[in-house]
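Here are a few exercises to work through with the model open in your viewer. Try each one yourself before reading the solution.

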Amino acid sequence: MNTDLDTAQLPPPAEKDARALARARKRRSAARFWREYRAHRSGLWGLAGLILIALIAICAPLLVGADSQSVTDAPGGALEAPSGEFPLGTDQFGRSVLALLVWGARVSLTVGLLAAFLCVAIGTVVGIVAGHFRGWYATVLMRVTDWFLVMPTLVLAIALATVMSRSIWTVILAIGVTTWPTTARLVRAQTLAVESRPYIERARALGGGHGHIMLRHVLPNVMPLVLAQTTLVISSAILTEATLAFLGLGDPTITSWGGMLQDAREAGAVSSGDWWYLAPPGLAIALVALAFTLCGRAVEAVLNPKLGVAR
């Protein structure tokens with residue numbers, strides 16, 4: 001009796017075959033994507049750089065120690081030049097700039113990834129809804145999008161960061177809710193192209209509702225564009241976070257690359273010529289932004305070969 005019950009609860013063979021076929025198709029798609037991505041040398045360089053920086057950020061407590069950010073237990077003197085003990089010199093409190101640079105990678109990458117995710121999520125939802133529905137729904141959404149699009153992103157982010165509490169979550173929210181209009185425009189255009197295809201009409205004729213069409217048919221077709229846009233948005237989010245921190249709108253209790261630049265400016269590193277305090281965080285921001293941009297261009301070229309992006 002129990003054997004019959006267990007057999008009845010098993011999925012039918014046809015369902016098993018369908019699941020196996022879907023998994024095999026996903027594996028082939030992933031293998032094809034990686035094979036085409038490897039053909040882009042710039043994308044490989046960008047990916048290698050990101051992996052290295054991510055490993056450094058994850059292993060920061062093991063590499064430099066958790067007490068390297070302490071002001072009271074600083075091991076060196078104020079603004080010491082690079083030496084064997086301090087390869088990148090010290091800051092105004094005597095802390096190692098190299099240690100601060102390693103810890104700053106954690107905050108900058110976290111803010112960039114989370115802010116980009118929030119930005120792309122908002123833009124994808126607005127773009128799909130505005131492209132799927134007609135009438136005043138789409139009109140209102142696109143007019144709001146246009147308003148955000150013409151407003152200076154940095155000014156809006158500064159305004160939000162000023163009126164809210166100074167924390168890393170405020171910076172993430174300020175970047176995410178001010179940089180989504182471009183993604184919404186791109187996703188809407190792709191949604192309109194997808195919904196003009198015959199299988200969408202067949203889905204409607206078979207009784208498919210709005211949610212079914214948007215989630216099962218439109219979203220999978222716009223995901224390649226969303227993925228490519230995400231990699232490109234991350235670099236701009238990191239730059240915006242560095243700008244907000246440099247303007248003194250970040251969390252003063254955490255170490256970030258933009259905050260290091262702000263501290264260097266306040267310490268007079270610009271006028272006194274203490275280049276070792278200014279150059280490392282600035283170069284780190286530029287390198288991470290470049291790495292994400294290279295990865296984004298490679299992903300975009302793989303997903304849309306018609307772009308003809310150089311390898």
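**Exercise 1.** Work out which residues Thr170 touches, not counting residues up to four places away in sequence.

*Solution.* Start with the contact list: Thr170 touches Leu160, Ala161, Met164 and Ser165 once residues up to four places away are dropped. Contact here means heavy atoms within 4.5 Å. Next, place the residue: Thr170 sits in helix H8. Helices (H or I, at least four residues) and strands (E, at least two) are DSSP runs, numbered from the N terminus. Last, check the burial: with a relative accessible area of 4%, Thr170 is buried. The cut-offs are under 20% relative accessible area for buried, over 50% for exposed, and partly exposed in between (1.4 Å probe, protein chains only).

Before you go on, two notes on the set-up. This is a predicted model, where local features need pLDDT of at least 70 and side-chain atom pairs count only at pLDDT 80 or more, while totals for chains, interfaces and linings use all residues. Residues are numbered from 1 along each chain as its sequence is written, and side-chain values use heavy atoms, with hydrogens and water left out.

**Exercise 2.** Stay in H8 and describe the surroundings of Leu173.

*Solution.* Helix H8 covers residues 168-176, and Leu173 lies in it. Leu173 is partly exposed, with a relative accessible area of 34%. Skip residues up to four places away in sequence, and Leu173 touches Leu118 and Met164. Met164 is also among the residues that Thr170 touches. For a longer view, go from Leu173 to Val126: they are 47 residues apart in sequence and 17 Å apart in space, C-alpha to C-alpha.

**Exercise 3.** Is Gly127 buried or exposed, and what is it in contact with?

*Solution.* First the location: Gly127 is found in helix H5. Then the accessibility: at 0%, Gly127 counts as buried. Leaving aside neighbours within four places in sequence, Gly127 is in contact with Ala184, Val187, Arg188 and Thr191. One distance to check is Gly127 to Thr231, with their positions 104 residues apart along the chain and C-alpha atoms separated by 18 Å.

**Exercise 4.** Find how the axes of H11 and H14 cross, then list the residues that make the contact.

*Solution.* Two packed helices are described by the angle between their axes and the distance between the axes. Helix H11 (residues 210-246) and helix H14 (residues 275-303) have axes that come within 8 Å and cross at roughly 170 degrees. That makes H11 roughly antiparallel to H14. For reference, angles under 35 degrees count as roughly parallel, over 145 as roughly antiparallel, 65 to 115 as roughly perpendicular and the rest as oblique. The axes are lines fitted to C-alpha atoms, for helices over the stretch in contact, and angles run from 0 to 180 degrees between N-to-C directions.

Now the residues. H11 contributes Pro224, Leu227, Ala228, Thr231, Leu232, Ile234, Ser235, Ile238, Leu239 and Ala242. From H14 come Ile285, Val288, Ala289, Phe292, Thr293, Cys295, Gly296, Arg297, Val299, Glu300 and Leu303. Sorted by class, the contact has 15 nonpolar, 4 polar and 2 charged residues. (Ala, Val, Leu, Ile, Met, Phe, Trp, Tyr, Cys and Pro count as nonpolar, Asp, Glu, Lys and Arg as charged, and the others, Gly among them, as polar.)

**Exercise 5.** Look at the loop between H4 and H5 and compare Thr90 with Leu79.

*Solution.* Thr90 has its place in the loop between helix H4 (60-63) and helix H5 (97-132). Leu79 lies in the loop between H4 and H5 too. Thr90 counts as buried at 0% relative accessibility, whereas Leu79 is partly exposed at 24%. Check the backbone of Leu79 as well: phi is positive, about 50 degrees, although Leu79 is not a glycine. Beyond neighbours within four places in sequence, Thr90 is in contact with Gly77, Ala78, Leu79, Glu80, Arg95, Val97 and Trp276. The C-alpha atoms of Thr90 and Tyr277 are separated by 7.2 Å, though the two are 187 residues apart along the chain.

**Exercise 6.** How many helices and strands does the chain have?

*Solution.* Count 14 helices and 0 strands. The radius of gyration is 24 Å, well over the 19 Å that the globule rule gives for 311 residues, so the chain is more spread out than a compact globule. (The radius is taken over C-alpha atoms, and the rule is 2.2 Å times the number of residues to the power 0.38.) Buried residues make up 39% of the 311.
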